[in-house]
Amino acid sequence: MSDIASASLKELDDIRVRYLGRKGRLTAVLRSLGTLPAQERPVVGKLANQIRQAIEEGLEKKWAEERVYIDTRLREESVDITLPGRKVILGKKHIITQAIDEIIQIFVGLGYNMVEGPEIETDYYNFTALNTPPDHPARTLQATFYVEAGGDSESDRRGTLPREEQVLLRTHTSPVQIRVMEKTKPPIYVIAPGRVYRPDVPDPSHSPMFHQVEGFAVDKRITFGDLKGTLEAFARRMFGSDRRVRFRPHYFPFTEPSAEVDVSCIVCGGEGCRVCSYTGWLEILGAGMIDPNVFKEVNYDPEKVTGFAFGMAPDRIAMLKYGITDIRMFFENDLRFLKQF
Ligand code: 2NL
């Protein structure tokens, strides 16, 4: 009995069963009290009761210690199942990528193929092949980032490369279309998305890098009517089934005739609002019939094939769609802004 204080709970319980259980030794002693001589009964009875008390007290103490231990563990190791779960932060596509994907999907649905090309181009693909005259303002240092430049005159100190070999950052994705035409025969239905660069001072409507999605179709007997129908179908899928499109005469070196294309305002539907400057129309595209000089550059016979081409800036489309008033917000990578889309 001396080791009761240091016994484990299991040992104590074994002791309890051994002595106090139904078949326990102390139980047997207590039961047999009646058989003992009268003068021994109180002595044995008292001793038996002391032993029972010692075992019971020891057990009670151990149980109390055990309860403290269990309570502590429960408290320290418990999980608060009422707490909200940890949020899994999923990334998402940049708003401009979403806009580009949407545009591509619409044209893929019309049978176009998506093609990409280099962002670093030569003068030939970016300008010359696109019927851009040597003295066109788009070729100046104010309008094009040159990587490796030539230049023939004293006043035009860009370097020593022949003009068409000058290396530049593409100012539109049209050179992709030239590369496609060089390699393939009509019929061609291609959509070319990507980054383009122009040395503009950043302001709410200008960024030195922005995006373009250009499309073009070359086939037998493609007409301006095909261009109108295609862009109307695009505008309705992109902006809503009741949209209208309007073509205004314009000029591009690479198309003739050329047009700027407006869509009825995607905010007010044409009623007139702040976004459309109360005109009811938004300019979203440039387009036209591919100039015969462009076809000659890629050895297509302009007597046998015709085609249309169009270009748009998904940055501008996303701005109009979401009422964003500063293009620079797209490229500042402030997650508080980007997370909204
Ligand atoms: C705009 C205008 C345009 C084209 C791009 C093109 C390409 C080839 C031949 C002829 Cl290979 N044209 N592209 C034509 C008209 C307009 O883009 O406002 N873009 C944002």
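**Exercise 1. Classify Glu 102 in this predicted model as buried, partly exposed or exposed, then find its salt-bridge partner.**

*Step 1.* Start with the accessibility of Glu 102: the relative value is 31%. Buried requires under 20% and exposed requires over 50%, so Glu 102 counts as partly exposed.

*Step 2.* Now look for a basic partner. Glu 102 forms a salt bridge with Lys 321, and the closest N and O atoms are 3.4 Å apart. The cut-off for such a pair is within 4 Å.

*Step 3.* Place both residues along the chain. Glu 102 sits in helix α4 (residues 95–109) and Lys 321 in helix α9 (residues 314–322). With the two positions 219 residues apart, the pair links distant parts of the chain.

*Step 4.* Finish with the partner: Lys 321 has a relative accessibility of 36%, so this residue counts as partly exposed.

**Exercise 2. Work out which elements are tied together by the salt bridge of Glu 121 and Arg 179, and assign the burial of each residue.**

*Step 1.* Check the contact: the closest N and O atoms of Glu 121 and Arg 179 are 2.8 Å apart.

*Step 2.* Locate the ends. Glu 121 belongs to strand β2 (residues 120–122), while Arg 179 belongs to helix α6 (residues 174–183), so the bridge ties together parts that are 58 residues apart in sequence.

*Step 3.* Assign burial. Glu 121 is buried, at 1% relative accessibility, whereas Arg 179 is partly exposed, at 25%.

**Exercise 3. Put the salt bridges into a wider count, and name the members of a network.**

*Step 1.* Searching the whole structure gives 16 salt bridges.

*Step 2.* One of the pairs is Asp 101 with Lys 93, whose side chains meet at 2.8 Å, N to O. Asp 101 is partly exposed, its relative accessible area being 28%.

*Step 3.* Next, follow shared partners: Arg 246, Arg 248, Glu 260 and Asp 262 are joined by salt bridges into one network.

**Exercise 4. Decide how many disulfides the structure holds, using Cys 265 and Cys 273 as test cases.**

*Step 1.* The search of the whole structure finds zero disulfides.

*Step 2.* Test Cys 265. The nearest cysteine sulfur belongs to Cys 268 and is 3.6 Å away. A disulfide needs the sulfur atoms within 2.5 Å, so Cys 265 is in no disulfide.

*Step 3.* Test Cys 273. Here the nearest cysteine sulfur is that of Cys 268, 3.7 Å away, and Cys 273 is in no disulfide.

*Step 4.* Add the burial: Cys 265 counts as buried at 0% relative accessibility, and Cys 273 is buried with a relative accessible area of 12%.

Notes: Residues are numbered from 1 along each chain as its sequence is written. This is a predicted model: local features need pLDDT of at least 70, side-chain atom pairs count only at pLDDT 80 or more; totals for chains, interfaces and linings use all residues. Side-chain values use heavy atoms; hydrogens and water are left out. Buried means under 20% relative accessible area, exposed over 50%, partly exposed in between (1.4 Å probe, protein chains only). Helices (H or I, at least four residues) and strands (E, at least two) are DSSP runs, numbered from the N terminus.
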